[in-house]
Amino acid sequence: MVNVTIDHKQIQVPEGTTILNAAATAGIKIPTLCYLKDLNDIGACRICCVEIEGKETLVASCNTKVEEGMVVYTSSLKAHYARRMNLQFILSRHDFRCAACHRNGTCSLQKICEDMNINEVPFQQDFEKCDWDLTFPLIRDAGKCIKCMRCVQICDKVQSLNIWDIINTGKRTSVGVSNMKKISESDCSVCGQCITHCPTGALRERDDVRKVMDAVNDPQKIVVVQIAPAVRAAWGENLGLSRELATEKRMAAAARALGVDYVFDTNFSADLTIMEEASEFVEHMSHREEYQWPMFTSCCPGWVRFMKSQYPDMTRQLSTAKSPQQMFGAVAKSYFAEKVLDVDPDQIFCVSIMPCTAKKMECALPNINDAGAGRDVDVVLTTREFDRMLRSELITPASLEEEEFDCPLGTGTGAAVIFGATGGVMEAALRTAYYTIKKENPDPDLFHIVRGCEGIKEASFEIDGIPVRAAVAHGLGNTRKLMERIRSGEAEYDFVEIMACPGGCAGGGGQPVTEGQEMAADRGEILYALDKDNPLRFSHENPSVIELYDKYLGKPLSHRAHELLHTDHSGWSMPSEKK
């Protein structure tokens, strides 16, 4: 243990502790901009600088370790003046038109400037400008970049894709796409983790809110909205709603208040995905010699993009089942249009509200549309866009009464809602696979071992004497480790679930940003609680899904089911595959 004095408080901390963390143990908050715990402690922004008694120069507290007897002043005149100057210099290189920025109100730079009472910038403003493909789902505004390197570190160390890099030198130092590529030429998974870890508005999703509101105001369009499982665990965060108020039924009411015609739950199509994917897994297990192993889940588009760019030779091992988003779009523009509404499917305008940025890319894939009415999913909005849309339309969710989702595409089970957490797809699929094989339901929590935020989880089960080896990974860095073990023969599995984002969809790149906190685990707990409280906990017991098969699809893996609910992952290419 090391004894240190910080702002006249004597504290004792373990050897190797940084000044930043030592101060935190004493309740002393030192502001930071570039710092990300365990990822980015490079001291680039110099906002966390402090004075050490006896030393002439200030030091960055995020990467300076305490020493025995050290006396530290976090806000001495010298440190305070330097911090203000550093902030003003950063602002001189930053486009601070905050009122027109997506991060207005949630920007770390804005918050620190407010706390430091910065109300003028004495330096001439000169911020970077660059061209960007504004049709790409992920947008970078160079003028708002503060060169903190967070995006570089999260993509390198957590997602292992190295999409971002330092470019140029000296005063021209900046951040850009690696190897001087355009973003559309890179193998970006569009996971959006760089967005949720950016402290400013330099990175954001393409905003598609106006497309939705234009459709809402078009009398020729029937606007159908689906809301993904993980959205209900996070949608209230940036709206100031407590967990008690931010319920899924109030979320449905808020969406309906926008003027859309129908509000459905993606839980319905998550159950539908399980019916197809679990049946596909059982089919594979019944004819093992005909397939390569393991079979991989396919409902995360960020993961599918990663697979196709990094391990293209294994792409055929992906389940052919579409994601819940795309299954919903296909059903909405076929079964729902024809059998429920009796309207031309071209009138349906299908909107997805997702915790994900990669979903914007998925709905635009050239071979994903099978209902015969243009895109199966017309527009994808992130959770953040949904919140912004509610505010722009002057909707106050806290004042709304709870409302049910519409039927018949609004019924979902507990198995579906846990799709939003890492391990949830695996658990839901195993519940139904067990039933398919044994013709009886297991204990709903039998497969709980695949839950939790450990990076890679392994589990072995026996279903009616048939051994099943399963693995679950979340975050693309963990995924790469698992894939290398599979490829080398070090590990063998039958069924593998992958989620591109740490924590699964609950920690998706389209979720609200909470500076300094990783919220995926907390949001996942909400989803598991909803599963526990749902009277239906098995996808094969969803009455709306049963009715869909009876009236339209026939049975899982039928010819019509294959036409609408399955896809060929080789039908499109990543940039690296085109070379």
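Which residue stands opposite glutamine 226 in strand 11? In this predicted model, for which local features need pLDDT of at least 70, side-chain atom pairs count only at pLDDT 80 or more, and totals for chains, interfaces and linings use all residues, glutamine 226 of strand 10 faces phenylalanine 264 of strand 11. Residues are numbered from 1 along each chain as its sequence is written, and side-chain values use heavy atoms, with hydrogens and water left out.

Strands (E, at least two residues) and helices (H or I, at least four) are DSSP runs numbered from the N terminus. Strand 10 runs parallel to strand 11 (residues 262–265), to which four bridges join it, and the chain passes between these two strands through helix 7 (residues 248–257) in a right-handed β-α-β crossover, a term meaning that, with the strands pointing away from the viewer, the path from the first strand over the helix to the second runs clockwise. Strand 10 is also parallel to strand 13, with six bridges, where isoleucine 227 stands opposite isoleucine 353; strands count as paired if DSSP finds at least two bridges between them.

Six of the six residues of strand 10 are buried (under 20% relative accessible area, 1.4 Å probe, protein chains only), with Ile222, Val224 and Gln226 pointing one way and Val223, Val225 and Ile227 the other. In helix 6 (residues 209–216), Val209, Val212, Met213, Ala215 and Val216 are buried; they lie on the same side of the helix because they cover an arc of only 155 degrees around the axis, taken from the directions from the helix axis to the C-beta atoms.

Definitions and conventions: Buried < 20%, exposed > 50% of the residue type's maximum accessible area, 1.4 Å probe, protein only.
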